[in-house]
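Me: I'd like a close look at one part of this protein, the pairing of its strands, and at whatever that part leads to. Could you go slowly and keep it informal?

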Amino acid sequence: MHKQWSCSVVKQASAFIRFYMRLKSTKARPTAPLGSRILTNPDDIFKHNMWDHVQWTKEDQEAARQKAEENSSIRLPLTEQGKFSTDACQYWDQFYEAHQDKFFKDRRWLFLEFPELLPSSAEEKRTNACRKPNKTIRQISPFPGQHASFRILEVLKMFTFFMFMNTDSFLYCCDFSPRAIQLVKDHPDYDDSVCRAFVHDICEEVGSFPFPPQSLDVILAVFVLSSIHPQRVQRVVNQLSTYLKHGGVFLFRDYGRYDLSQLRFKKGRCLSDNFYTRGDGTCVYFFTKEEVHDLFSKAGLEEIQNLEDKRLQVNRGKKVSMRRVWMQSKYRKPPVPLPS
């Protein structure tokens, strides 16, 4: 069910570097988040490959609900479900082995949707000046990226690879698949002076990161949390949030309820409500806005943005339109209260 991307990882990395350098040289900021291609005339539907901010009618919503209800009416027996959690690493490792770099997609949209990944020098200095020195970090053992003024953790899953970091920034990349991490390290532009890729299972209650709590400016999770069993996701978000600095941001994008990929599942692939297993053993959950808000709010984070991104994807050759639904959210760790 996974789409094999035609863009190679080398081309993708080069594109990110060129895009980032252009932004730095012009001191430009990315445009407003989300697209602005609105379908106002139904006769124009096949003029573009994607339409933004698509409104669903009550009939559309009910049809999607009925389709999801139908394909989840026959569920995989509980006795067969355990392996999808216990062997998840194995399934994803096999996925990366099979696809290698063929599924890497050009994700320059990350910088457009999440400009927090590219703070300007002025913003960075102003933000850092407002922060009190983190005594906890200075008192512990040195760690990779300790001297960077801006640190990002990218949790990998169907991951992007963007080496846009400068000497003042540091990127951490983690995945529980050793093959995924090796793909990152094998990239010709991988530089451990600005990036640290490491194997780590974020679902583990006991596990160490190569950085201390309250040391990250940004956590990026794109199509990551949906692969985790819904009963474990809250604990994962709670744990990751402890590594954000006060004022740090958690960036999230994932599958939304009634996305085309949910409605395409056959009967017998459903594990629990809105949680399915694909043919290759990997799993996926489909979120609602309310679930996303509860997830991050219970972790002590404040909402900046919580959007249900509904788009109409078009195959102009086959004259077919497909409804896509993604969740896109930004949540901030509250700043340290000023002394009264």
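Reply: Let's begin with one pair: Val 222 has Arg 253 in E6 as its bridge partner. Keep in mind that this is a predicted model. Val 222 belongs to strand E5, which covers residues 216-222. E5 and E6 run parallel, and six bridges join them.

Now zoom out a little. E5 and E6 sit in an open sheet of eight strands, with the order E1-E10-E11-E6-E5-E2-E3-E4. The pairing in this sheet is mixed. At the edges you find strand E1 (50-51) and strand E4 (195-199), each of which pairs on one side only. Helix H9 (residues 178-185) packs on the sheet, where H9 touches strand E3 (169-175) and E4. The direction of H9 makes about 160 degrees with that of E4.

Next, hop along the sheet to E10, the strand that holds Arg 311. Is Arg 311 buried or exposed? Its relative accessible area is 12%, and the cut-off for buried is under 20%, so Arg 311 counts as buried. Its side chain has polar company too: there is a polar contact of 3.4 Å with the side chain of Asp 52, and another of 2.9 Å with the side chain of Asp 309.

E10 also helps to cover a helix. In helix H12 (residues 289-297), the buried residues are Val 292, Leu 295 and Phe 296. Look down the axis of H12 and these residues fall within an arc of 85 degrees, so they line one face of the helix. There's a handy rule behind this sort of pattern: an α-helix has 3.6 residues a turn, so residues three or four places apart point the same way. The cover over the buried residues of H12 includes strand E10 (302-315), strand E11 (320-332), strand E6 (244-255) and helix H10 (230-241).

Back to E6, and follow the chain out of it. In the loop between E6 and H11 you meet Tyr 258. Tyr 258 is buried, with a relative accessible area of 14%. Its backbone has a positive phi of about 70 degrees, although Tyr 258 is not a glycine. Most residues other than glycine have a negative phi. His 53 is another residue with a positive phi, in this case about 50 degrees, and it is not a glycine. You'll find His 53 in the loop between E1 and H2, partly exposed at a relative accessible area of 35%.

Tyr 258 also leads us to H2. The C-alpha atoms of Tyr 258 and Arg 65 are separated by 7.0 Å, although the two residues are 193 residues apart along the chain. Arg 65 lies in helix H2 (residues 58-71) and is partly exposed, with a relative accessible area of 31%. The side chains of Arg 65 and Glu 69 are joined by a polar contact of 2.8 Å.

How about H2 itself? At 1.5 Å a residue, its 14 residues should span 20 Å, and the end C-alpha atoms are indeed 20 Å apart, which agrees. Ala 64, Ala 68 and Asn 71 are buried in H2. These residues cover an arc of only 70 degrees around the axis, which puts them on the same side of H2. On the other side of H2, Lys 58 and Glu 59 are exposed. What do the buried residues of H2 pack against? Their partners are helix H11 (260-263), strand E7 (270-272) and strand E8 (275-277).

E7 and E8 take us to one more sheet. This open sheet has three strands in the order E7-E8-E9, with antiparallel pairing. E7 and strand E9 (283-285) stand at its edges with a single partner strand each, so one side of each is left without a neighbour in the sheet. From one strand to the next, the twist averages 30 degrees. E8 and E9 pair in the antiparallel sense over three bridges, and Tyr 276 stands opposite Val 284 in E9.

Finally, the wider setting. The chain has 12 helices and 11 strands, and buried residues make up 49% of its 340 residues. Of the contacts with a separation of 6 or more, 74% come from residues 24 or more positions apart.

Terms used: Residues numbered from 1 in each chain as written. Predicted model: local features only at pLDDT ≥ 70, side-chain atom pairs only at ≥ 80, totals over all residues. Heavy atoms only, no water. Buried < 20%, exposed > 50% of the residue type's maximum accessible area, 1.4 Å probe, protein only. Helix = DSSP H or I, 4+ residues; strand = E, 2+ residues; numbered from the N terminus. Arc of directions from axis to C-beta. Contact = heavy atoms within 4.5 Å. Polar contact = N/O pair within 3.5 Å; in protein donor to acceptor, adjacent residues only side chain to side chain. Pairing = 2+ DSSP bridges. Axes fitted to C-alpha atoms, helices over the stretch in contact; angles between N-to-C directions. Expected span 1.5 Å × (residues − 1).
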